[in-house]
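Please look over the model shown here. A short report goes with it.

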Amino acid sequence: MPIDEKLLEILACPKCKGDIKLKEDESGLVCETCKLVYPIKDEIPIMLLEEAKSFGETK
Amino acid sequence: MRLLITGVSGFIGSSIAKKLIQEGYEIIGIDSFLDNYPKKIKENNIRELLKNKRFNFIEGNILSLNIGKILDQVDGVFHQSAIPGVRASWGINFNQYTEHNVNGTQVLLEASKNKEIRKFVNASSSSVYGDVNELPISETTPTLPISPYGVTKLAGENLANLYFKGYCIPTISLRYFTVYGPRQRPDMAFHKIITAIILGREIEIYGNGEQTRDFTFIDDAVEANLKAFLNGKDGEVYNVGGGSRVKLNQAIRIIEEISGKKAKLKYVDSHKGDAKHTYADISKGKKDFGYSPEIDIYEGLKRQFEWLNDNLDIYR
Ligand SMILES: NC(=O)c1ccc[n+]([C@@H]2O[C@H](COP(=O)([O-])OP(=O)(O)OC[C@H]3O[C@@H](n4cnc5c(N)ncnc54)[C@H](O)[C@@H]3O)[C@@H](O)[C@H]2O)c1
Ligand SMILES: [Zn+2]
């Protein structure tokens, strides 16, 4: 069962409060601004900065 | 109807969620899996719930989530997240108590302004009263907490009242009196006593065991939440007690009887911040929303004992 659509709408990046996008493989939620991925484990979005992984160049 | 529960993987939050799902509501649940006790215990609390399509869980901290957007989507709030427990609130970790119990509550209330929330039910505590001379304790008894934890719960409750007065957020605070039953927090007395009895271990009792408590069975506390949500009066505080007053030593005798084993007790000094006696006058909740606890201490302890006996592995 994929993650709930309505839930995605109400989630935002805990760091910048900006919009997040679902990764194509549904393994995480991406904040382009902060270059962070928040993991989704067992359909549970983990919206904690400590759990997020950075991608791309880190400044 | 969609409802928000904060602290949803905790003892009381998960029990409220279970009931509300049974009643047909849709739930958004938030929990940050704070390390006041192991994550695996909290995960177990919501394991069954996660299978239900009407239960949506977000692992996150109410202090950093975009809570406003979430509140746009819900019709009611059951605010259960906090750092509970009196003893650990003394000392250098007090800032965590202010953060989660005071700031967390304020952030949620602030974000509730101008939303269509039917009711904001806030979890408060009998610890706001402190040591009271006259029993039973009614809602008009002065609030003079004797622990730092009680101070933060009183602050949270005062904030809820202020946001009702200032912004018409329909808040209600429920002052729980020692809640027990299946999934009770592992730092609480009955959990520790039952575990020790099952394992044949010695258990420390703080004080002489003659302290009395108004123990509230979890299902009754849950029922109080649902009834207060439906019919409670906005801006009010209500006691949620179990309807009887029991000495800790009496409760231990009951657990011995249920288990058929003798407890190995070691009486040690009582802790600063523990009230000597609690006993709730629950007539206000009865009058306003028909609160009437149904499970007595014997039946309640029996259910907790049986549940813990079956689930002890999760706690070890
Ligand atoms: N258990 C009792 O007897 C009792 C008595 C009086 C009052 N209370 C109150 O009832 C409520 C629930 O207590 P409980 O016994 O279920 O405790 P609990 O620790 O089992 O549950 C509280 C949950 O809140 C979560 N949490 C804490 N801060 C958070 C944050 N910032 N964001 C998201 N989640 C957060 C924790 O991870 C935990 O799972 C608390 O407000 C407590 O103060 C409990
Ligand atoms: Zn961001």
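The report covers a metal site, then the fold of one chain, then one helix.

**The zinc site**

This is a predicted model. The zinc ion (ligand 2) has four protein donors: the SG atoms of Cys13(A), Cys16(A), Cys31(A) and Cys34(A). They lie 2.2 to 2.3 Å from the ion. In sequence, the donor residues follow the spacing C-x2-C-x14-C-x2-C.

The site of the zinc ion (ligand 2) is tetrahedral, with angles of 103 to 117° among its 4 donor atoms. The tetrahedral label requires every angle to lie between 85 and 135 degrees. For reference, the ideal angle for four tetrahedral donors is 109.5 degrees.

How exposed are the donor residues? The table lists three of them, including Cys13(A).

| Donor residue | Relative accessible area | State |
|---|---|---|
| Cys13(A) | 1% | buried |
| Cys16(A) | 33% | partly exposed |
| Cys31(A) | 0% | buried |

A residue counts as buried under 20% relative accessible area. Cys13(A), at 1%, therefore counts as buried. Cys31(A), at 0%, does so too. Cys16(A), at 33%, is partly exposed because its value falls between the 20% and 50% limits.

What is the disulfide count over all chains? The count is 0. A disulfide would need a pair of cysteine sulfur atoms within 2.5 Å.

**The fold of chain B**

Chain B holds 10 helices and 13 strands. Its C-alpha atoms fill a box of roughly 55 × 45 × 40 Å along the principal axes. Does the radius of gyration of chain B agree or disagree with that of a compact globule? It agrees: a compact globule of 316 residues would have a radius near 20 Å, and chain B has 19 Å.

Burial adds to the picture. Of the 316 residues of chain B, 59% count as buried. Among contacts in chain B with a separation of 6 or more, 83% join residues 24 or more positions apart.

**Helix H10 of chain B**

Helix H10(B) runs through residues 297–311, which is 15 residues. At 1.5 Å a residue, the helix should span 21 Å. Its end C-alpha atoms are 21 Å apart, so the two values agree.

Which residues of H10(B) are buried? They are Ile297(B), Gly300(B), Leu301(B), Gln304(B), Phe305(B), Trp307(B), Leu308(B) and Asn311(B). What covers these buried residues includes helices H2 (39–46), H6 (189–199) and H8 (248–259) of chain B. Strands E7 (179–180), E10 (216–217) and E12 (246–247) of chain B are also among the covering elements.

Notes: Residues numbered from 1 in each chain as written. Chains lettered and ligands numbered in written order. Predicted model: local features only at pLDDT ≥ 70, side-chain atom pairs only at ≥ 80, totals over all residues. Heavy atoms only, no water. Buried < 20%, exposed > 50% of the residue type's maximum accessible area, 1.4 Å probe, protein only. Donors = N, O, S within 2.8 Å, 3.2 Å for Na, K, Ca; no water. Tetrahedral: all angles 85-135°; square planar, octahedral: opposite > 155°, others 65-115°. Helix = DSSP H or I, 4+ residues; strand = E, 2+ residues; numbered from the N terminus. Expected span 1.5 Å × (residues − 1). Contact = heavy atoms within 4.5 Å. Rg over C-alpha atoms; globule rule 2.2 N^0.38 Å.
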